[in-house]
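Please look over the sequence and the model shown here before reading on. The report that follows takes up an enclosed space, the overall fold and the charged side chains in turn.

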Amino acid sequence: MTSSKPDRGLATQAPGRGRATRYRIIEQAARLWSESGSAEPSVAEIAQAAGVFPNQITYHFGSKDALLVHAAFLRLLHDAKRFESIGEAARDAAAFRRNIARVIHAAPSLPLVARALAAGITTPALGAVIDTHLRILFHQSEHYLRRIANRRGWKLERHIETEVRTFWSTALGAVLLSHAGVGGTSADLDLAGVLTVHGQ
């Protein structure tokens, strides 16, 4: 849901300045949500950390839940850069599967993404925002996996698009179940086994 009365001062800002403000809000929101644990940072706290007025958050995102989605996926995409470097260091395909699964199990962004997905379930209007971010995540993952597999001469047992979507659906589904209170730990999930990357 978007604001019906956007701030006129913001509307006259140069596009570059508006984008910078928007990104700063997302960054600070991601930091505060990640540090807050089970607590929820308020709009006022996010605005203060980003150096903006609370109504600017409404102007740019429409709602706090929409901001949560942007913040969660920004943090996940930042973590993905670290996943890539760990994958690059793997000596073979088996080590790659283990290393990627281990680092994603421990990713600090996943609980935040679980909150975002839960918000999307209860607020259908957020579906398009979540879908956009998932498409970016899938696209970047496909590009990375294709690049490293081609360079190493590794093969996949299914199409790369299916490989990536199956992997992330499993990882995000597991953390969403955990966030919902389902018993068990990440050790109960063979995330490495979901990947079909193998050597020649």
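Helix H8 contributes five residues to the lining of the largest cavity, the most of any contributor, in what is a predicted model. Helices H5, H6 (93–105), H8 (127–152) and H9 (160–179) each supply at least two residues of this lining. The cavity has a volume of about 240 Å³, and of the 16 residues that line it, the closest to its centre are Ile-100, Ser-141, Tyr-144, Phe-167 and Trp-168. By character, the lining residues divide into twelve nonpolar, two polar and two charged. The count of cavities of 30 Å³ or more comes to one.

Turning to the chain as a whole, its secondary structure consists of ten helices and zero strands. Of its 200 residues, 42% count as buried, and among the contacts with a separation of 6 or more, 74% are between residues 24 or more positions apart.

The structure holds ten salt bridges, and the table sets out three of them with the distance between N and O atoms.

| Positive residue | Negative residue | N to O distance |
|---|---|---|
| Arg-115 | Glu-40 | 3.3 Å |
| Arg-151 | Glu-88 | 2.3 Å |
| Arg-135 | Asp-131 | 2.8 Å |

The salt bridge of Arg-115 with Glu-40 links distant parts of the chain, since Arg-115 lies in helix H7 (residues 110–122) and Glu-40 in the loop between helix H2 (15–36) and helix H3 (43–50), 75 residues apart. Arg-115 is buried, with a relative accessible area of 13%, whereas Glu-40 is partly exposed at 45%. These two residues are also linked with Lys-64 in a network of salt bridges.

Arg-151 and Glu-88, whose side chains meet in a salt bridge, likewise link distant parts of the chain, with Arg-151 in helix H8 and Glu-88 in helix H5, 63 residues apart. Both count as partly exposed, Arg-151 with a relative accessible area of 47% and Glu-88 at 28%. Arg-135 and Asp-131, by contrast, both lie in helix H8, four residues apart, about one turn of the helix; Arg-135 counts as exposed at 53% relative accessibility, and Asp-131 as partly exposed at 36%.

What is the nearest side chain of opposite charge to the buried Asp-79? Asp-79, in helix H5 (residues 64–88), has Arg-82 at 4.3 Å as that nearest side chain, yet has no salt bridge, because a salt bridge requires the nitrogen and oxygen to be within 4 Å. Leaving aside residues up to four places away in sequence, Asp-79 touches Ala-107, Pro-108 and Ser-109.

Notes
Residues numbered from 1 in each chain as written. Predicted model: local features only at pLDDT ≥ 70, side-chain atom pairs only at ≥ 80, totals over all residues. Heavy atoms only, no water. Buried < 20%, exposed > 50% of the residue type's maximum accessible area, 1.4 Å probe, protein only. Lys, Arg positive; Asp, Glu negative; His and termini not counted. Contact = heavy atoms within 4.5 Å. 1 Å grid on protein atoms, 1.4 Å probe; cavity = no way out; pocket = protein on both sides within 12 Å on 5 of 7 lines; lining within 4 Å. Points joined across faces, edges and corners; volume = space filled by probe spheres on them. Nonpolar A, V, L, I, M, F, W, Y, C, P; charged D, E, K, R; others polar.
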